[in-house]
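Here is a quick tour of one model, written for someone who likes to look at side chains first. Have the viewer open as you read.

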Amino acid sequence: MSQRRADGSAGDADYGAIGGVYTDYRKPDPRIGQYLLDALGDARTVLNVGAGAGAYEPEDREVTAVEPSASMRAQRPAGLPPAVDAVAEKLPFPDRAFEGAMSTFSVHQWNNLWAGLKEVRRVTRGPVAILTCDPALLRRFWLLDYAPEVIETEARRYPSVDDIADGLGGHTSVIGVPIPSDCTDGFNEAYYARPERLLDPGARLSCSAWSFVDDRVHHRFAAELQHDLDDGTWDRRYGKLREQPSFDGSLVLVVSDPAA
């Protein structure tokens, strides 16, 4: 297993270095959050693994958050309980301690997916909801034409939905989650209809895949996208997306319920 970084980050991305402006761009979108609430059903005690700054934690449930990065734990709003410093692969809770569990944009950061999923299932007696991106669907997004290195990086990092389903066991379903055109959670595809937003370096930095490509990719991407926006090339190719209320991209919810 990889060593944890100075701030505690346990995955391949160093959130001590890239997480400083995360909450400025990654604000939970309530329309996406509703999918998680529906998946959790009546679960009152909920474990949030890889909780980050607390995005999508239900306000009407008793949530226990687990987050290894000190930088991300420090960005949790004052109204949320402090997060436990732990990793998915070694959860400090007894068997069946929680009625439900969730994880959002986190499983690709776990050092050992199978061990983490086994632990989440061990401590959860009800539904487990994993919000993630399906690597098989990432190439639907126009970013492939401007920064293929970023898409390929994400495709390598995200585990397949079949692996997640197999690791959780039980009755498992995969639900596609539409991305609203004005999505407030600034992952890459959230800007499918607002390409100008990705010219902001902070917006890119808030998507960890951009931290794995060098400065030349950032500069080339920004120059080419700016050029195509200025001369209308982007709008000729993709302008219909600006009028599209949602985008069926790679965002999915993997839900496992042993009682179903």
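What follows covers the cores, one strand, two unusual backbone angles and some salt bridges.

Keep in mind throughout that this is a predicted model.

**The cores**

Start with the inside. In soluble globular proteins, nonpolar side chains tend to be buried together. Here the largest nonpolar core has 48 residues, and the members touching the most others are W142, L143, F221 and L251. Several elements feed two or more residues into this core: the helices α3 (30-40), α6 (143-146), α7 (148-157), α10 (215-230) and α11 (233-238), plus the strands β4 (128-133) and β8 (251-257).

W142 is a good residue to click on. Once you ignore its neighbours within four places in sequence, W142 still contacts Y191, Y192, P195, L198, F221, L225, W234, Y238 and L241. Apart from this core there is a second, separate one of 22 residues, with V49, F98, A101 and L117 among them.

**Strand β1 and its partners**

V49 also belongs to β1, where T45, L47 and V49 point one way while V46 and N48 point the other. That fits the general pattern: in a regular strand the side chains alternate between the two faces of the sheet. Is β1 mostly covered or mostly open? It's mostly covered, with 5 of its 5 residues buried.

On the pairing side, β1 runs parallel to β2, and 5 bridges join them. If you want a pair to look up, L47 has T64 in β2 as its bridge partner. β1 also pairs with β3, again in the parallel sense, over 3 bridges. There, V46 is matched with G100 in β3.

**Two positive phi angles**

Most residues other than glycine have a negative phi, and most peptide bonds are trans. Which way does phi go at Y56, positive or negative? Y56 isn't a glycine, yet its phi is positive, at about 70°. This residue is in the loop between β1 (45-49) and β2 (62-66), and Y56 is buried at 9% relative accessible area.

F105 is the other case: a positive phi of about 50°, and again not a glycine. F105 is in the loop between β3 (100-104) and α5 (113-123). With a relative accessible area of 11%, F105 counts as buried, because the cut-off for that is under 20%.

**Salt bridges**

The structure holds 15 salt bridges. Here are a few of them, with the closest N to O distance:

| Pair | N to O distance |
|---|---|
| D182 and R31 | 2.8 Å |
| R122 and E119 | 2.6 Å |
| D214 and R216 | 2.8 Å |

How many residues apart are D182 and R31? They are 151 residues apart, so this pair links distant parts of the chain: D182 is in the loop between β6 (179-180) and α9 (201-205), and R31 is in helix α3. D182 is partly exposed at 45% relative accessibility, and R31 is partly exposed at 39%. Salt bridges with shared partners also tie D29, R31 and D182 into one network.

R122 and E119, by contrast, are both in helix α5, 3 residues apart, or about one turn of the helix. R122 is partly exposed at 26% relative accessibility, whereas E119 is buried at 14% relative accessible area.

As for D214 and R216, D214 is partly exposed at 35% relative accessibility, and R216 is exposed at 66%.

Definitions and conventions: Residues numbered from 1 in each chain as written. Predicted model: local features only at pLDDT ≥ 70, side-chain atom pairs only at ≥ 80, totals over all residues. Heavy atoms only, no water. Core = buried A, V, L, I, M, F, W, Y, C linked by side-chain atoms within 4.5 Å. Buried < 20%, exposed > 50% of the residue type's maximum accessible area, 1.4 Å probe, protein only. Helix = DSSP H or I, 4+ residues; strand = E, 2+ residues; numbered from the N terminus. Contact = heavy atoms within 4.5 Å. Pairing = 2+ DSSP bridges. Salt bridge = Lys/Arg side-chain N within 4 Å of Asp/Glu carboxyl O.
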